[in-house]
Amino acid sequence: MDELQLGVVRLLGALARPILFRLDPETAHELAIKALATCPLPRARPDDPRLAVSAFGLDFPNPLGLAAGFDKNGEIVDPVLRLGFGFIEVGTITPLPQAGNPRPRLFRLTRDQAVINRLGFCGDGHVAVHARLIKSPQMRGIVGVNLGANKDSPDRTTDYVRGVEAFADVADYFTINISSPNTPGLRDLQLGDALDDLLARVLGARDAAAERFGRKPVLVKIAPDLSLEELDAVVKCARARRIDGLIVSNTTVARPARLIEMDLAGETGGLSGRPLFALSTRVLAAACLRVENQFPLIGVGGVDCAEAAFAKIEAGASLVQFYSALVFKGLPLAEDIKRGLLRLIVQKSYPRLADAIGSAASDWASGKVSSDNFR
């Protein structure tokens with residue numbers, strides 16, 4: 001977008017925000033999806049080549065992705081990319097449609113710039129979402145498909161295999177979401193033999209589909225609540241199975257002591273947004289040190305400005321995703337962060353953004369750097 005177009009989007013967002021914040025958060029989100037699906041947006045301007053990143057065999061024009069959870073059903077792929085994102089992750093998608101947990105199940109902690117959700121993989125299912133993605137514009141950009149399992153499935157691992165088979169023709173990469181706290185028992189798939197069996201079967205399905213549709217990268221999304229011993233085991237298994245990447249991290253079941261909106265903090269569900277930043281970035285850095293450049297990482301959790309995105313990159317992320325910050329900072333955020341990233345690489349004397357990847361992983365993992373250093 002040019003300056004005028006970006007200004008219009010910013011103004012419309014400022015006018016809509018007070019109205020949306022008077023609504024139930026989930027209703028407001030549904031209205032935002034409908035607005036993006038119907039309002040024409042100009043194409044994003046080409047990105048500065050210094051922001052380009054190559055990861056797991058794909059070339060990204062910039063490192064910013066819309067995290068899974070915003071576009072659960074593949075309804076706004078093209079509009080999101082027009083907002084300046086380098087990629088979008090659709091989902092989480094389960095084989096069968098499911099309603100998810102009862103409402104209310106989404107809560108804004110406005111003073112904390114945070115969200116708690118217990119949606120429970122609500123969505124339209126494989127068939128409906130695939131039908132939408134197959135109709136997306138041919139030049140739609142990079143689209144990841146985030147896969148989940150139905151709550152009542154007798155074999156959750158098979159649900160992930162079915163997802164790879166269903167979307168192999170339209171996905172640019174797959175994310176295996178085994179870290180949502182809102183499906184009972186799902187996080188157990190991150191541990192031990194369950195993870196090894198899951199990866200073996202999912203990668204087998206990916207390889208079987210590769211002859212027809214090409215080899216699609218498979219990433220695993222992990223929780224920020226893993227102990228270091230559990231993280232060691234996850235990385236060891238991931239390296240042994242030669243997956244293509246890790247996404248660090250999903251939402252947290254922890255409640256940081258600094259939360260202001262304590263009346264909402266007790267709601268069951270995963271916490272995202274600014275309070276997740278420090279925890280998720282420490283786990284990201286710890287994962288980076290353990291992975292030893294065997295595959296790339298995507299950093300997620302609390303990104304709401306260029307400084308936070310750059311910190312994720314220095315902590316070990318090749319790519320960065322966000323979602324909750326859009327609730328509080330609006331749709332121009334991707335463009336704002338990209339401008340800030342260009343300023344920061346000049347300030348820190350990096351020729352390209354990719355040169356900063358992992359440069360501060362040891363400091364983040366050891367606690368020498370914290371979110372207080374730059375916020």
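User: In what order do the eight strands close into a barrel?

Analyst: In this predicted model, eight strands close into a barrel, and their pairing is parallel. Neighbouring strands of this sheet are turned against each other by 25° on average, with direction ignored. The order of the strands is β3-β4-β7-β8-β9-β10-β12-β13.

User: Which residue of β13 is the bridge partner of Leu 66?

Analyst: Strand β3, residues 64–66, pairs in the parallel sense with strand β13, residues 319–322, over three bridges. Within this pairing, Leu 64 stands opposite Val 320 in β13, and the bridge partner of Leu 66 is Phe 322.

User: What is the handedness of the β-α-β crossover from β12 to β13?

Analyst: Strands β12 and β13 run parallel and are joined by three bridges, with Val 300 standing opposite Gln 321 in β13. The chain crosses from β12 through α10 to β13, and this crossover is right-handed.

User: Which residues of β13 point the other way from Leu 319 and Gln 321?

Analyst: In a regular strand the side chains alternate between the two faces of the sheet. In β13, Leu 319 and Gln 321 point one way, and the residues on either side of the strand are all buried, where buried means under 20% relative accessible area. The residues that point the other way are Val 320 and Phe 322.

User: How far apart are the end C-alpha atoms of helix α9, and what span should its 15 residues have?

Analyst: Helix α9 covers residues 277–291, and because each residue is taken to add 1.5 Å, its 15 residues should span 21 Å. The value from the model agrees with this expectation, as the end C-alpha atoms are 21 Å apart.

User: How many of the 15 residues of α9 are buried?

Analyst: Helix α9 is mostly covered, and its buried residues include Phe 277, Val 283, Leu 284 and Val 291. These buried residues of α9 pack against several elements, among them α7, β10, β12 and α10. The number of buried residues in α9 is eleven.

User: Which element gives the most to the largest nonpolar core?

Analyst: The largest nonpolar core holds 104 residues, and those that touch the most other members are Phe 56, Tyr 160, Phe 167, Ile 176, Leu 246, Phe 322 and Ile 337. The element that gives the most to this core, with eight residues, is α9.

User: Which residue of β13 is in contact with Phe 56?

Analyst: Leaving aside neighbours within four places in sequence, Phe 56 is in contact with residues including Tyr 173, Pro 217, Asp 244 and Ile 298. Strand β13 covers residues 319–322, and the contact of Phe 56 that falls in this range is Leu 319.

Conventions. Residues are numbered from 1 along each chain as its sequence is written. This is a predicted model: local features need pLDDT of at least 70, side-chain atom pairs count only at pLDDT 80 or more; totals for chains, interfaces and linings use all residues. Side-chain values use heavy atoms; hydrogens and water are left out. Two strands pair if DSSP finds at least two bridges between them. Helices (H or I, at least four residues) and strands (E, at least two) are DSSP runs, numbered from the N terminus. Axes are lines fitted to C-alpha atoms, for helices over the stretch in contact, and angles run from 0 to 180 degrees between N-to-C directions. The expected span of a helix is 1.5 Å times one less than its number of residues. Buried means under 20% relative accessible area, exposed over 50%, partly exposed in between (1.4 Å probe, protein chains only). Contact means heavy atoms within 4.5 Å. A crossover is right-handed if, with the strands pointing away from the viewer, the path from the first strand over the helix to the second runs clockwise. A nonpolar core is a set of buried Ala, Val, Leu, Ile, Met, Phe, Trp, Tyr and Cys residues joined through side-chain atoms within 4.5 Å.
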